[in-house]
Amino acid sequence: MAQALQVSIATLLVGSAEVEPWAHKLTERSIRARLAVIINSERERRNLLLYQMAELLGVSEITLNKLADADGNVSVDTIAAIGKALGRDPATFLFEQSDSQHQPA
């Protein structure tokens, strides 16, 4: 969809919110990878079992496995729900730089 509209995926997801310039270079694959890093690090930080993390995020264990493996397609609704469940801004949490996350590969 972003390609058809000739905008970056970041622009499509965040709308008018400000994000770092590097975020506009993220591909579908790198966004899935960033989401997987966030989910896996949050699960580890919170010391949660798989089913507990799935419950927290409001997804099935099968979906969580796919998300944690950066596999499959992720809907905007799922991204927003994950951000909200983790207490982060659903529109921008994928595009925030932290010590454990690096710019896109």
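**Exercise 1. With which side chain does the side chain of glutamate 42 make a polar contact?**

Keep in mind as you go that this is a predicted model.

- Start by placing the residue: glutamate 42 sits in helix α3, which spans residues 28–46.
- Next, check how much of it is accessible. Its relative accessibility is 6%, and the cut-off for buried is under 20%, so glutamate 42 counts as buried.
- Now list its partners, skipping neighbours within four places in sequence. That leaves Met53, Leu86 and Arg88 in contact with glutamate 42.
- Finally, look for the polar pair: the side chain of glutamate 42 meets the side chain of arginine 88 at 3.1 Å, and that's your polar contact.

**Exercise 2. Work out which residues of helix α5 are buried, and where they point.**

- Find the helix first: α5 covers residues 61–68, and Leu64, Leu67 and Ala68 are buried in it.
- Then look down the axis of α5. The buried residues fall within an arc of 95°, so they line one face of the helix.
- What does that set of residues pack against? Trace the contacts and you'll land on α3, α4 and α6, the last of these being residues 76–85.
- Before moving on, glance at the backbone just past the end of α5: alanine 70 has a positive phi there, about 55°.

**Exercise 3. Sum up the whole chain: its elements, burial and contacts.**

- Count the secondary structure. You should get 6 helices and 0 strands, so to speak an α-α-α-α-α-α run from the N terminus on.
- Turn to burial: 32% of the 105 residues count as buried.
- For the surface, the accessible area comes to about 6,700 Å², and carbon and sulfur atoms account for 49% of that.
- For contacts, take pairs at least 6 apart in sequence; 57% of these join residues at least 24 apart.

**Exercise 4. Decide which parts of the model call for caution, going by pLDDT.**

- Begin with the overall figures: the mean pLDDT is 80, and 77% of the residues reach 70 or more.
- Now go element by element. Helix α4 (residues 50–57) has the highest mean pLDDT, 96, while helix α1 (residues 2–5) has the lowest, 53.
- Don't skip the stretch at residues 99–105, where the pLDDT is below 50. In the model this stretch still has 11 contacts beyond near neighbours in sequence.
- How should you treat those spots? Where pLDDT is low, don't read the predicted coordinates in detail.

How values were computed
Residues are numbered from 1 along each chain as its sequence is written. Side-chain values use heavy atoms; hydrogens and water are left out. pLDDT is the predictor's confidence in each residue, from 0 to 100. Helices (H or I, at least four residues) and strands (E, at least two) are DSSP runs, numbered from the N terminus. Contact means heavy atoms within 4.5 Å. Buried means under 20% relative accessible area, exposed over 50%, partly exposed in between (1.4 Å probe, protein chains only). Accessible areas come from the Shrake-Rupley method with a 1.4 Å probe; for residues, only the protein chains shown count as cover. A polar contact is a pair of N or O atoms within 3.5 Å; within protein, one must be able to donate a hydrogen and the other to accept it, and residues adjacent in sequence count only if both atoms are side-chain atoms. The arc is that of the directions from the helix axis to the C-beta atoms.
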